[in-house]
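Where do the helices of this protein meet, and where does empty space remain? Keep the sequence and the model side by side as you read.

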Amino acid sequence: MADVVSMKTHLLSQIHDRSAVIGVIGLGYVGLPLAMEFVHAGFRVIGYDVNERVVGQLMAGQSHIQDVPTAQVQAAVATGRFTATAVEARLKECDAISIAVPTPLSKTRDPDMAYVLSAADAIARQAHPGLCVVLESTTYPGTTRELLQPRLEAMGLTVGQDVFVAFSPERVDPGNPVYSTKNTPKVVGGITPACVEIASALYLSCIDSVVPVSSPEAAELVKLLENTFRAVNIGLVNELAIVCDKLGVNVWEVINAAATKPFGFMKFTPGPGIGGHCIPLDPHYLAWKMRTLNYKTRFIDLASEINSAMPEWVVQKVADALNEERKAVRGSRVLVLGVAYKRDIDDVRESPALDVIRLLEERGAHVEFHDPFVQEFREEGHVRKGVELSGEMLAWSDAVVIVTDHLGVDYQRVVDLATLVVDTRNVTAGLTPGRAQVVGLASGSRKVGAVS
Ligand SMILES: NC(=O)c1ccc[n+]([C@@H]2O[C@H](COP(=O)([O-])OP(=O)(O)OC[C@H]3O[C@@H](n4cnc5c(N)ncnc54)[C@H](O)[C@@H]3O)[C@@H](O)[C@H]2O)c1
């Protein structure tokens, strides 16, 4: 028992005086901002990533993540306390390690745990007594206890005594100008009370507030609840858009008026579908886990069904609007405006724009795209390059489909120069009527900016 106390006390004091070496596994959207916060807090940080190109770029002082300015990476490298490496053995130097590797879904929508397992195996190979390991990747309840803990114990280490293991979901919202890694409260659930105490101390060293919960499973479920909540509510308003379309009611007017209620209502907006690495995927981690327990998560399944059908709804809107102009989709020229999955970011993962483009092309349209944040993207091995949002391009298009509502785009010019605009985000509401016929996600066609 004396050893347990001294191991814990030793690690806590290392965290307190910043002599602990921190490892971050996976230097992507989540891991790199976190690594920067630890450097900023005064720690020596080893960022381990299997992607040597990313490692090389970071050591050359270049950021590959939009939310982390290159100047911040340069400053971190200049302190001499930040090292990016692809050498697994460097993890041996670490006293605390956060894991931020991808947790995608397989083609059958089952969790793909390969990255987490590979990171856990790497840690186990390099582990030593007095190490704290925190999993941050979004995952199903039970992962920390079932996959991480046994790997460390197989090395002869006792969790809660020699090593300290916790789950702490990353909640970063890329592109959010107000909330970053530092000022978003961090939920922490440990295998034992000592685990949660150490992991909490670790994050409190660089994050404004920590919310301890009683177990890793609770912490794992917190993240899934947050993103399932979003998926379900987006599904609800997407269905409302379809309802409004059939009733001939302005969906935006209904939502905005409902949002004036000062209590009991939270505003969500409809759109062309959901994207990114979180909301389309995370709820399926829970659905999968519950299938193994013979329970069907109906809200998750229903929201997924509605949200994933939205690109088809958008394409039908395009087809109907072209039809009004005596044009077929086949052979039409369509400009997709915005391919990032949400406003003012450069991430196209799971973006509904990709489905919209694919569905339009399947129907024979000639599709180009413009996105101020995405010059090109790769899909199934092919690179697609964007076009300028020129007057010629707008005039060339039989239809412009606004999929992402980036703030910097001159939508008035789009409405003035295009012939037909399908606006899935209501960004043209309130603009001066232009040349274009404007069609909304839930409305008929009209020659005004305001979309219903
Ligand atoms: N992107 C977001 O907005 C966000 C928000 C909250 C939570 N998350 C979750 O955080 C996790 C990470 O997501 P991300 O968006 O940062 O992913 P990402 O793809 O941007 O970055 C992951 C990095 O991990 C590296 N990597 C993969 N396997 C590795 C291994 N075995 N060892 C070392 N490095 C490895 C990759 O090369 C990549 O650089 C996921 O579980 C995701 O669901 C993401």
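This is a predicted model. Start with the lining of the largest cavity, whose residues are four nonpolar, two polar and three charged. Those residues are Tyr29, Ile65, Gln66, Asp67, Pro174, Gly175, Ile345, Asp346 and Asp347. The space they surround is about 40 Å³.

How many cavities of 30 Å³ or more does a search of the whole structure find? There are two. The second largest also has a volume of about 40 Å³. Its lining runs through Pro169, Glu170, Arg171 and Val172, then picks up Thr181, Thr184, Pro185 and Lys186. By class, that lining holds three nonpolar, two polar and three charged residues.

Now turn from cavities to an open pocket. The second largest pocket has a volume of about 170 Å³. Pro33, Glu37, Asp67, Val68, Gln72 and Val172 are among the residues that line this pocket. Asp173, Gly175, Asn176, Tyr179, Ser180 and Thr181 are also in its lining. The classes here are four nonpolar, five polar and three charged. Some of these names have come up already. Asp67 and Gly175 line the largest cavity and also this pocket. Val172 and Thr181 line the second largest cavity and the pocket too.

The pocket leads on to a pair of helices. Pro33 and Glu37 of the pocket lining fall in helix α2, which spans residues 31-40. Gln72, another lining residue, falls in helix α4, residues 70-79. The axes of α2 and α4 come within 10 Å and cross at roughly 45°. The two helices are therefore oblique to each other. Their crossing is left-handed. Leu32, Met36 and Val39 of α2 make the contact with Gln72, Val73, Ala76 and Thr79 of α4. Five of the contact residues are nonpolar, two are polar and none is charged. Gln72 thus has two roles to look for: it is in this contact and in the pocket lining.

Next comes a pair further along the chain. Helix α5 covers residues 114-126, and helix α6 covers residues 143-153. What angle do their axes make where they cross? It is roughly 20°, and the axes come within 9 Å. An angle under 35 degrees counts as roughly parallel, so α5 and α6 are roughly parallel to each other. The crossing is right-handed. On the α5 side, the contact uses Leu117, Ala120, Asp121, Ile123 and Ala124. On the α6 side, it uses Leu147, Leu148, Arg151 and Leu152. Seven of these residues are nonpolar, none is polar and two are charged.

The last pair is α8 and α11. Helix α8 takes in residues 216-247, and helix α11 takes in residues 298-308. They pack at an angle of about 50°, with their axes 8 Å apart. That angle makes α8 oblique to α11. The crossing is left-handed. Which residues of α8 meet α11? They are Thr228, Ala231, Val232, Ile234, Gly235, Asn238 and Glu239. Facing them from α11 are Phe299, Ile300, Ala303, Ile306 and Asn307. This contact divides into seven nonpolar, four polar and one charged.

Look back over the three helix pairs. The crossing of α5 and α6 is right-handed. The crossing of α2 and α4 is left-handed, and so is that of α8 and α11.

Terms used. Residues are numbered from 1 along each chain as its sequence is written. This is a predicted model: local features need pLDDT of at least 70, side-chain atom pairs count only at pLDDT 80 or more; totals for chains, interfaces and linings use all residues. Side-chain values use heavy atoms; hydrogens and water are left out. Axes are lines fitted to C-alpha atoms, for helices over the stretch in contact, and angles run from 0 to 180 degrees between N-to-C directions. Helices (H or I, at least four residues) and strands (E, at least two) are DSSP runs, numbered from the N terminus. Angles under 35 degrees count as roughly parallel, over 145 as roughly antiparallel, 65 to 115 as roughly perpendicular and the rest as oblique. A crossing is left-handed if the near helix is turned anticlockwise from the far one by less than a right angle, and right-handed if clockwise. Contact means heavy atoms within 4.5 Å. Ala, Val, Leu, Ile, Met, Phe, Trp, Tyr, Cys and Pro count as nonpolar, Asp, Glu, Lys and Arg as charged, and the others, Gly among them, as polar. On a 1 Å grid over the protein atoms alone, a cavity is a set of points where a 1.4 Å probe fits but cannot get out, and a pocket is an open set with protein on both sides within 12 Å along at least five of seven lines; lining residues have an atom within 4 Å of a point. Grid points are joined across faces, edges and corners, and a volume is the space filled by probe spheres set on the points.
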